[in-house]
Amino acid sequence: MGFKKLFWQFYFSFLLITVIVSVALTILSSRLLTNSFINETQKALETEAKFVSQAISQDIIDAKLSRVEQFCKQIGNNSDTRVTVIEPSGKVIGDSQRNPILMGNHSNRPEIISVKRNKIGIETRYSQTLDQPMMYIAIGLYKDKKLISIIRTSKSLTTIDMTLGGLRRAIIKYSLIIVIISAFLSLIITRRINRPLEEIISGLDNFAQGNFDQSLTIPHTKDLAKLSIAMNNMASELDVRIHDILNQKNEMQAILTSMSEGVIALDSSGNILNINAAACVMLSIDDCNNPISTKDEIPNTVLREFIDHSLKDSMSVDTELDILDEPRKNLRVRCNPLINSHNQMIGTIVVLNDITILRQLERVRSEFVANVSHELKTPITSIMGFIETLRDGVIENPDQAQHFMEIIARQARRLNSIIEDILILSKIEDQSNQNKIDTQIGSIKSSIDSAIEVCQIRAAKKNIKIITAENDIEAPINEFLLEQAIVNLLSNAIKYSDENKTVEILLASDSKYATISVIDHGYGIGAEHLERIFERFYVVDKARSRNLGGTGLGLAIVKHIAQAHKGFVSIESELAKGSVFTIHIPLSLE
Ligand code: ADP
C-alpha cells in the first residue's frame, strides 16, 4: 500500500483550494465585469442618445433635416459611437457613418419597434448596414407627447469584445500570478506546519527502534506540543517497563543457565518457550544459543512421547530415561503442567536431572559387594574344605596335616589382607568424601624413606635393589596415607619383577604438582588393561596375583589416596619391559 506524504497532502490541498478559488474568482469577476461593462456601455449610449435628442430637437421640429444629417456626421467624426436619426415611419434622416438616402427603411428594427411602444429600445444584433455585430439603444423624441423622431446610438460589439477580452486577459494574468504566489506561500506554510510533525514522526521512529534516550522536541504549536509531551511521557514509561521486563528476563535466564537441572518450557502446541544450557548438554543439542524450537526436534523419541503424554493429560508425570547414544546417560524426567492465573493449562515444564553418576555409583557399589563376596568366598571355601579334610582323619597324618594347616594359614592371611585393604579403602573414601583428610606441609622424601624401609625385606628376598632420589619436596600431605600409597606401588614393583632387578623412586615437581614415580623393569602391563588397572579388584593375571598374595585393591587404594590429596595417578607400562606409576600431589591446596 502506497502512502502519500503528509507534506504533499497538505501542500496539494492548499494548492487545489487556491486554484479553485482563483478560477472561480476569475470566472465571476470576468462575468461581473462583462455585465457592468455592457451596462455602462448601454448607459453611455443612452446618455449620448439623450444628448443628441436635445441637440437636434429644434432642427427636427423646424424640419431642418440637412442640419440633423450634418450634426450626426460631426458626432461620428469625434467618437466611435454611431448615431442614427430615424423618422417614426422608419425613414433614416441622419446617420454618422452612412448616407441616409442609401439606407433602407428601419421601421422593422426591434429597437425602433420598442420605441414606438413607448419603451427604450435596447438591442444587440448583426448590422446589415455595417456588416458587423452592434449594440443599439434607441429613444424617442417627443413634441406634445407625440413621437416626432427616433434617436438611435450604437456601438460595434467587436470593439466592446476587444476591450472585454483585454480585461479578461488581465484578470487571468493576475489570477495566475496570485496562484503562483499562493503556491509558493503554501509551500512555506506547509513546511512550517509539517516540520514539527516530521520531527515527531522521526522521534517516534526512534522510539519504535527501542531508542528512548532522545526525547521529542516540543513544537510551538499548542496541540502538537501536547502530543509531543504525551509521547515523551509514554516513551519514558515504556523505557522503564522494557528495562524491567529485560531485567526480569535476564534474571530468569541467569537462573535457568546456572541451574544444574535441565529445564524445557513448552506451550500447549509443543513449541519450546525456553530451554536452558543444562538441558542442551543433557540432550546433546550442540548449539544452545540457537536451540530447537518445537518438541518434535527433541532428539529422543521416548522423551518426545513422554512430553506428548504430559501435554495431553495435563498432569504431573515422571520417568527415568536411558540415553543410549554416546555419551550414555541416565536422566530423571519430570513434567509439570504450566498453569496461568486463570487456572488454565498453557503448556508444560520439563525438568531433567542427570542421575548418571548416581546410577554408576549404585552399579559400582553392587559390583563391589559382588566382588568382595566373591573374593572372600574363595579363601573361606578353601579354609572350610581343608578343615573338613583334617577333621576327616588327615589330622592323623602329621606331614599332610602340617601342609594343610599352612594352606589354611595362607588363606586366612589372604582373608585378613582383603579385609584390611577394604577397610583402608573405605576409610580413605569416607575421609576423602567428607574432605576430612588431615594434611600438613611435610617432606615427601621422608614418606618415601619410610615406605622403602617397610618393603626392604621383601626386596632383599628377591635381591632387588631400590634406588631412591636424594632430593626432597615439601607439600601438603598426609604422611601416613602417602607412605601407604608408596608402599603399595613399591611392593607391586617388587612383586611383579624378576629377581636381581632394580626399582627406582624419583621425586620431581612442575609448576603445580610434586610427582613421585615408582619405576620397575618387571613384567609390565598390556595396553588393554591400563584403562581399568586402578579399579577395585581388577587384576591382570588372577592366578599370579593370588599366588603373590595380591588382593586387587592395592592400586585402587593408591588412586584414592592421590585423589584425597586433590591429586591423581598415572601409569606408563610396556609388557616385559616394566612400568612407571606416578602419584601427582598438588604443591599447595589453593
Ligand atoms: P594386587 O594386590 O593384585 O597387586 P593391585 O591393585 O595392586 O592388586 O594391582 C592390580 C593388578 O595390576 C595386579 O594384579 C597386577 O596384575 C598389575 N600390576 C600392578 N602393579 C604392577 C607392576 N608394577 N608391574 C606389573 N603389573 C602390575
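Reader: How many residues of the shell around the ligand are nonpolar, polar and charged?

Author: The shell divides into 10 nonpolar, 8 polar and 2 charged residues. Here Ala, Val, Leu, Ile, Met, Phe, Trp, Tyr, Cys and Pro count as nonpolar, Asp, Glu, Lys and Arg as charged, and the others, Gly among them, as polar. This is a predicted model: local features need pLDDT of at least 70, side-chain atom pairs count only at pLDDT 80 or more, and totals for chains, interfaces and linings use all residues. Residues are numbered from 1 along each chain as its sequence is written, and side-chain values use heavy atoms, with hydrogens and water left out.

Reader: Which residues of the shell are the closest to the ligand?

Author: A residue is near a molecule or strand if one of its heavy atoms lies within 4 Å of it. By that test 20 residues surround the ligand. The closest are Asn-492, Asp-520, Ser-545, Thr-551 and Leu-555.

Reader: Which atoms of the ligand lie close to N or O atoms of Asp-520, Val-540 and Gly-554?

Author: Look for polar contacts (pairs of N or O atoms within 3.5 Å; within protein, one must be able to donate a hydrogen and the other to accept it, and residues adjacent in sequence count only if both atoms are side-chain atoms). A ligand nitrogen is 2.8 Å from an N or O atom in the side chain of Asp-520. Val-540 brings a backbone N or O atom to 3.4 Å from a ligand oxygen. Gly-554 does so at 3.2 Å, also with a backbone N or O atom.

Reader: How much of the ligand does the protein bury?

Author: Alone, the ligand exposes 530 Å², and the protein buries 96% of that. Accessible areas come from the Shrake-Rupley method with a 1.4 Å probe; for residues, only the protein chains shown count as cover. Elements giving two or more residues to the shell are α11 (479-495), α14 (554-564) and β17 (578-586). Helices (H or I, at least four residues) and strands (E, at least two) are DSSP runs, numbered from the N terminus. The most comes from α11, with 3 residues.

Reader: Stay in α11. Is Ser-491 buried or exposed?

Author: Buried means under 20% relative accessible area, exposed over 50%, partly exposed in between (1.4 Å probe, protein chains only). Ser-491 lies in helix α11. Its relative accessible area is 10%, so Ser-491 is buried. A polar atom of the Ser-491 side chain lies 2.6 Å from the backbone oxygen of Val-487.

Reader: Next, charge pairs. How many salt bridges does a search of the whole structure find?

Author: Side chains of opposite charge can pair when their charged atoms come close. A salt bridge is a side-chain nitrogen of Lys or Arg within 4 Å of a carboxyl oxygen of Asp or Glu. The search finds 20. One of them joins Lys-73 and Glu-69, with closest N and O atoms 2.9 Å apart. Both lie in helix α2 (residues 65-78), 4 residues apart, about one turn of the helix. Lys-73 is partly exposed at 29%, while Glu-69 is buried at 18%.

Reader: Which salt bridge links distant parts of the chain?

Author: Take Lys-295 and Asp-308, whose closest N and O atoms are 3.2 Å apart. Lys-295 sits in the loop between α6 (277-282) and α7 (301-313), and Asp-308 in helix α7, 13 residues apart. Lys-295 is buried at 12%; Asp-308 is partly exposed at 36%.

Reader: Which helices hold Glu-375 and Arg-414?

Author: These two form a salt bridge at 3.0 Å between closest N and O atoms. Glu-375 is in helix α8 (residues 356-391) and Arg-414 in helix α9 (residues 398-433), so the pair ties together parts 39 residues apart in sequence. Both residues are buried. Elsewhere, salt bridges with shared partners join Glu-320, Arg-332, Arg-359 and Glu-362 into one network.

Reader: Now the surface. Which residues make the nonpolar patch?

Author: Patches are made of residues with over 30% relative accessible area and no salt bridge: like charges are joined within 9 Å, nonpolar side chains (Val, Leu, Ile, Met, Phe, Trp, Tyr) within 5 Å. Tyr-174, Ile-177, Ile-181, Phe-184, Leu-185, Ile-188, Ile-189 and Ile-193 make a nonpolar patch of about 740 Å². Ile-177 belongs to helix α4 (residues 157-208). Its relative accessibility is 38%, so Ile-177 counts as partly exposed.

Reader: Where does phi of Asn-118 lie, and what of Asn-500?

Author: Most residues other than glycine have a negative phi. Asn-118 has a positive phi, near 65°. Phi of Asn-500 is also positive, near 65°. Asn-118 lies in the loop between α3 (110-116) and β3 (121-127). Asn-500 is in the loop between α11 and β14 (502-509). Asn-118 is exposed at 62%, and Asn-500 is exposed at 54%.
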